[in-house]
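Student: I've got a structure open and I'd like to learn how to read its features. Can you walk me through it?

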Amino acid sequence: MTAFIEASSPHTMNTYGRLPIALSHGQGVRVWDVNGKSYLDGLGGIAVNTLGHNHPKLVPALQDQIAKIIHSCNYYHIPNQEALAAKLVELSGLTNVFFCCTGLEANEAALKLARKFGHDKGIERPEIVVYEKAFHGRSIATLSATGNEKIQKGFGPMVEGFIRVPLNDIEALKKATEGNPNVTAVFFETIQGEGGVNPMRIEYLQQVRKLCDERDWLLMIDEVQCGMGRTGKWFAHQWAGIKPDVMPLAKGLGSGVPVGAVVAGPKAAHIFQPGNHGTTFGGNPLAMRAGVETIRIMEEEGLLENAATVGAHLQAALRRELAGVEGFVEVRGQGLMIGVQLARPCGVLAQRAVDAGLLISVTADSVIRLVPPLIMTAAEADELVGILCPLIKQFLAEPV
Ligand SMILES: *Cc1c(COP(=O)(O)O)cnc(C)c1O
């Protein structure tokens, strides 16, 4: 194993603090490393593997597509772009879709929409409201929108035109934008992912929707992590009964195949004209097939309901197990997007979980994040709790 790690590191850039395992294959919510050790997958490749691993319906569909055509390019029509777009329009209540490959790319397109929305109204220097602890990606613009100085450090100057506000505080939003004619959009995650699984309150979502209508701003909701059924609705903002004007998607959309999308409503759907935006790989035939099949299988297998019920079961079990434990703060989230907040940094738990046969991540220093495949059963959730909670209790019992 050590030999493998040394052999694999000299030529890739040192961008990730990787754990010392390499995964070889998977089945359902289980994966195996190259040495044959098995793990319960509580991370789903960071909220990506919607259907788990080696799904019996997805795999043959993708094999079929690969044998037909993988990539063609956007000089030509790609029929499954229209099919996936129609489906996303149906599920979201919005109207038009642009396809790309990643979350940051979807967010980059959203930021361009917000700027052009302003320019089309005669605003020369559009400004976009973003949030503390937000994560929108690592391109220069999406990094600038991100609310984490640690990951911005060393890459300045940041892109200008962002106003940062705290979460769930409508008065702070009003104050920060008071009398400013340059504001064109408000941009946030319904449930912040990397920032520590921090949900926007339903009332706040409704208040911001109203404010955006009153001021003619675009409401742009980054559902890259919390969208695609993870919370038990197709999109997490739907719990508030509102619709955004712009919605970036990625992670779970292709169940492991890179697919990104920006879904827009009437206010934003016709801002881009030919020549304004594009991408070589975006919406290619393999990616579109993955998106179409992922949604079809989710519907066939009732995975929204599963995410809601297994998520609620998992959250309740975690709360029950950890109640009264010194140093446990709370369990947050919705459906199968769950954060376990501890009172102190707990990054070491990711490695200890690996040792115990469980994949998780720790984000925002002290939050254990669980974003497993949406096929997880209640029994598998119990198994997860049975591995994770003793590790947490042991960790919290150690002297600081
Ligand atoms: C992961 C993530 C991104 C960035 O997606 P990439 O595909 O890594 O570029 C953007 N926004 C949110 C909310 C995310 O969770």
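Student: Which helix and strands each supply at least two residues of the lining of the second largest pocket?

Tutor: Keep in mind that this is a predicted model. Helix H4 (79-92), strand S4 (96-100) and strand S12 (260-264) each do that, and H4 gives the most, with 5 residues. In total 32 residues line this pocket, with Asn74, Gln81, Val97, Phe98 and Phe99 nearest its centre. The space inside is about 890 Å³.

Student: How many residues of that lining are nonpolar, polar and charged?

Tutor: The split is 17 nonpolar, 14 polar and 1 charged.

Student: Now for H5. How do I read a helix?

Tutor: An α-helix has 3.6 residues a turn, so residues three or four places apart point the same way. In H5, the buried residues include Gly103, Ala106, Asn107, Ala110, Leu113, Ala114 and Phe117.

Student: Why should H5 span 26 Å?

Tutor: Because H5 has 18 residues (103-120) and the rise is 1.5 Å a residue, counting one less than the number of residues. The end C-alpha atoms are 26 Å apart, which agrees.

Student: What caps the N-terminal end of H5?

Tutor: Threonine 102 does, with a side-chain oxygen 3.2 Å from the backbone nitrogen of glutamate 105. After H5 comes glycine 122, with a positive phi near 90°.

Student: Which residues are around the ligand?

Tutor: Among them are Thr102, Gly103 and Asn107. For polar contacts, look at aspartate 222, where a side-chain N or O atom is 2.8 Å from a ligand nitrogen. Glutamine 225 has a polar side-chain atom 2.7 Å from a ligand oxygen.

Methods. Residues are numbered from 1 along each chain as its sequence is written. This is a predicted model: local features need pLDDT of at least 70, side-chain atom pairs count only at pLDDT 80 or more; totals for chains, interfaces and linings use all residues. Side-chain values use heavy atoms; hydrogens and water are left out. Helices (H or I, at least four residues) and strands (E, at least two) are DSSP runs, numbered from the N terminus. Buried means under 20% relative accessible area, exposed over 50%, partly exposed in between (1.4 Å probe, protein chains only). A polar contact is a pair of N or O atoms within 3.5 Å; within protein, one must be able to donate a hydrogen and the other to accept it, and residues adjacent in sequence count only if both atoms are side-chain atoms. On a 1 Å grid over the protein atoms alone, a cavity is a set of points where a 1.4 Å probe fits but cannot get out, and a pocket is an open set with protein on both sides within 12 Å along at least five of seven lines; lining residues have an atom within 4 Å of a point. Grid points are joined across faces, edges and corners, and a volume is the space filled by probe spheres set on the points. Ala, Val, Leu, Ile, Met, Phe, Trp, Tyr, Cys and Pro count as nonpolar, Asp, Glu, Lys and Arg as charged, and the others, Gly among them, as polar. A residue is near a molecule or strand if one of its heavy atoms lies within 4 Å of it.
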